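Thanks for making time this morning. I would like to walk you through some charged pairs and then through the nonpolar interior, so please have a look at the chain first.

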Amino acid sequence: MKYKYKITLLSAISGSIMLVLVTFFYSSVSYDEIKTNKEVALLQSTTDVASHVKNYLRHQVDVIKTIGVAPLFLEGLEKSNKNYDMLNPKEQQIKIKELNDRWEKERTTKSDFINSYLQNSISKYLKHQQALLPGYYGEIFVTNRYGAMIATTGVLSTLSHSYKNWWKESYNKRKVFFDDRGFDESVKGYVLGIVIPIKKDGQIIGILKANLNILGSLIEIVERYNSSHKGNTAIVRTKGLIVLRQGETPLSSKIDSSIIKKLETKSNGIFEMDNKLIAYAPISFEKDDTMEFGGKNDKIDDHEKGNENEIWHTVTRFDKSIILKESRSIDKILLYSGILMICILTLLSYLIGIYISRPIEKLTSIVNKFAKGEFDIESDIKSDDEVGFLSESFNNMATTLNQTMISRDELIQEIKKREKIEKQTQSLSKIVEYSSNEIYIFDKNSFRFTYVNQSVIKNLGYTLGEILDKTPVDIVSHFNLTNFRDILKQFENNGVEHMYFSSIHERKDGTTYPIDVILGQTDFMGKASYVAMIKDVTERDQMLDKMKEKDDIMVAQSRHAAMGEMISMIAHQWRQPISTIAMGANNIILDVELGSATDEGLLQTAQNILFETEHLSKTIDDFKNFFKPNKSIESIDVKEIYNEVYKIIGTSIENNDITIRTSFNTDKKIQTYSRELLQVLINIIKNAKEALVENEQEDKKIDVSVDEVDGKVVLSISDNAGGINKSIIDKVFDPHFSTKDEKTGTGLGLYMSKIIVEKHLQGKIWIENRADGVTFKISLPYTHPKSN
């Protein structure tokens with residue numbers, strides 16, 4: 001046996017022995033390592049689900065809080081509380097009991113008494129919130145601070161609520177309370193009641209409760225995590241009743257008692273049970289002093305299987321057999337890798353054997369290759385013996401022969417270059433043929449398609465033969481030969497390499513879909529042609545439509561809140577004229593009764609009443625423009641919009657001793673949605689007024705200016721209220737961020753102003769600190785893109 005083969009055989013045997021030892025050792029430890037990693041990942045995933053659910057519930061609280069800060073709510077609650085404040089405690093209890101008894105007796109929508117709670121202004125506002133998100137809310141109702149209901153969206157079982165657990169928990173502890181009452185027959189589903197204490201000046205003036213159908217959202221959260229870790233996650237109460245688990249009816253089963261003992265610790269952890277890994281984590285608000293979770297296990301009305309003052313937990317089950325499969329899979333990979341390494345080692349040993357073999361073998365191999373036509377080969381053996389002399393002689397012979405073969409070498413190189421180009425061309429053809437985008441090539445004169453890729457056949461539904469018999473005019477419904485020629489002529493006249501536009505394709509079955517087009521010119525099979533790359537943008541357009549729908553809902557909610565504030569302003573401006581009218585009428589009655597009435601006195605009093613009546617009518621005219629729907633773009637002067645704003649909130653500004661200075665440096669009209677611009681200006685100027693009042697500034701000023709900058713109208717609204725801290729100024733346009741306290745601000749006003757300006761008015765809005773306050777700037781185009 002030759003020496004090089006002995007080295008190869010010895011290396012192969014050594015490698016096989018090493019592979020067996022390593023595989024046996026790793027197999028014994030890999031399972032434990034995989035299991036440990038899986039436990040860490042599973043516990044983290046279970047904890048993440050708990051955190052996600054907790055954040056989801058916090059978000060729902062924030063949404064419901066925005067309902068409870070409307071001026072309509074606060075006024076209704078204060079009015080109800082005043083009626084009860086005039087009674088002593090015993091009289092209050094008697095009145096509430098009488099109302100509750102009547103409610104339980106009549107309890108039908110045919111009753112005027114019942115309808116006075118179902119059809120008042122507050123209940124209509126609550127029903128409107130239900131309509132914005134169908135199927136999301138169950139009943140929504142509000143009580144005063146004595147527990148007596150003042151408005152509801154549905155016929156509840158009782159009118160009095162102060163004796164109920166959820167009402168006492170929220171009112172006495174001044175917290176948001178999650179009322180987990182179980183299955184609700186009224187909505188045929190599992191509901192979670194969110195109870196919000198409504199405060200004013202630091203005092204609770206009422207309790208708002210909204211029942212939410214939350215199972216759909218929780219299922220989405222749980223299924224998202226289940227798909228990532230291949231486990232089965234459930235949401236359960238501390239005593240084991242399963243609130244949500246895939247494929248099961250809520251509250252229909254319980255988890256194993258050994259798991260319940262773990263949940264009672266209200267901590268997270270993981271353990272093994274019945275060949276499964278069990279991970280658990282609490283969904284708890286114990287560290288949040290503004291929220292509390294609980295319930296009461298009483299059969300109340302149409303609720304059953306209620307919470308026994310428990311919290312929720314996430315529990316994930318994971319089958320350990322999956323870990324074993326993963327371990328075996330890794331063992332296989334290790335085995336296959338080892339076999340590959342043995343092969344490589346064997347090959348390397350063989351090469352080493354060749355290297356250390358006698359030099360004559362290498363020279364013999366070189367001569368044999370040379371004899372077979374490899375004329376560019378050269379021996380690199382250098383030695384002072386016969387082999388070295390023979391190697392040098394061979395190289396001299398090869399050099400002489402190669403000088404006669406130059407033309408042959410050049411031909412070989414050219415052949416190799418062409419083969420490389422051909423391979424690249426074939427590779428590019430495959431990329432084009434199976435691209436996810438549609439690719440067309442059509443003749444420059446006849447417009448008939450000369451090439452289409454597989455995506456065209458798949459998307460349009462035609463066979464290759466059918467589509468090659470057509471032109472772009474046949475698959476674009478709004479194309480005809482004339483306007484298509486105009487598009488191509490415009491493309492060529494512009495002198496650009498590519499043209500971009502959007503269109504609509506029509507399939508063989510008559511359905512259509514939106515597309516983006518990139519059009520260019522090429523030479524295909526010796527003919528001047530056009531090449532078009534088409535992208536189906538159906539999903540993108542659907543996503544944009546959903547985003548616009550969401551923005552429209554938030555704009556509507558913001559406008560409704562603003563309407564409540566406008567109504568408060570109307571009431572404030574009417575108060576003095578109504579008092580004057582009442583006083584004049586009373587004077588007439590007294591003069592008549594005393595016999596001192598004169599024609600001149602009666603005439604003067606009547607004229608005063610008429611003057612005040614005209615003032616009331618003018619106030620209505622000023623305010624009604626704010627409520628006017630705005631569906632079309634108008635050509636307006638920004639100064640006119642400001643004048644409307646001042647008519648609406650001017651009285652409030654003057655009553656707070658605030659001076660408004662204006663500077664209108666352009667009178668050009670702009671095309672925009674005037675009502676939405678009006679809403680934005682009212683919100684910003686109102687915010688400036690509130691900041692000036694809150695900071696108790698002595699010389700309170702608001703500056704409003706309109707200028708033309710770089711071909712656009714720029715509105716600037718400044719105040720001297722001291723400015724905004726640099727650390728938070730970049731957050732003022734974020735949703736639910738407010739510089740006001742919780743009872744006066746929802747954090748939606750400036751966020752919605754930004755949405756309106758940038759998405760509806762196609763402008764920009766930003767804020768700048770100045771020496772003594774802040775400046776809001778709004779830049780708007782003279783012509784709205786949709787006006788064309």
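Let me start with Asp-703 and Arg-770, whose side chains form a salt bridge with N and O 3.8 Å apart, where a salt bridge is a side-chain nitrogen of Lys or Arg within 4 Å of a carboxyl oxygen of Asp or Glu. Asp-703 sits in strand 21 (residues 701-709) and Arg-770 in the loop between strand 23 (764-769) and strand 24 (774-781), so the pair ties together parts that are 67 residues apart in sequence; helices (H or I, at least four residues) and strands (E, at least two) are DSSP runs, numbered from the N terminus.

Before going on, I should say that this is a predicted model, in which local features need pLDDT of at least 70 and side-chain atom pairs count only at pLDDT 80 or more, while totals for chains, interfaces and linings use all residues. Residues are numbered from 1 along each chain as its sequence is written, and side-chain values use heavy atoms, with hydrogens and water left out.

Is Asp-703 buried or exposed? Asp-703 counts as buried, at 18% relative accessibility, whereas Arg-770 is partly exposed, at 33%; buried means under 20% relative accessible area, exposed over 50%, and partly exposed in between, with a 1.4 Å probe and protein chains only. Both residues also belong to a network of salt bridges that includes Arg-661 and Asp-772.

By this rule there are 20 salt bridges, and another of them joins Lys-444 to Glu-492, with the closest N and O atoms 3.6 Å apart. Since Lys-444 is in the loop between strand 13 (438-443) and strand 14 (449-452), and Glu-492 is in helix 16 (residues 481-494), this pair ties together parts 48 residues apart in sequence.

Turning to the interior, the largest nonpolar core has 49 residues, and those touching the most other members are Phe-73, Val-142, Phe-178, Leu-208, Leu-218, Ile-235 and Trp-312. Helix 1 (residues 3-68) gives the largest share of this core, eight residues. Such a core is a set of buried Ala, Val, Leu, Ile, Met, Phe, Trp, Tyr and Cys residues joined through side-chain atoms within 4.5 Å.

Which residues does Leu-218 contact, leaving aside its neighbours within four places in sequence? Leu-218 is in contact, meaning heavy atoms within 4.5 Å, with Val-53, Tyr-56, Ile-235, Leu-244 and Trp-312. Apart from this core lies another, of 42 residues, including Ile-648, Ile-658, Val-680 and Leu-681.
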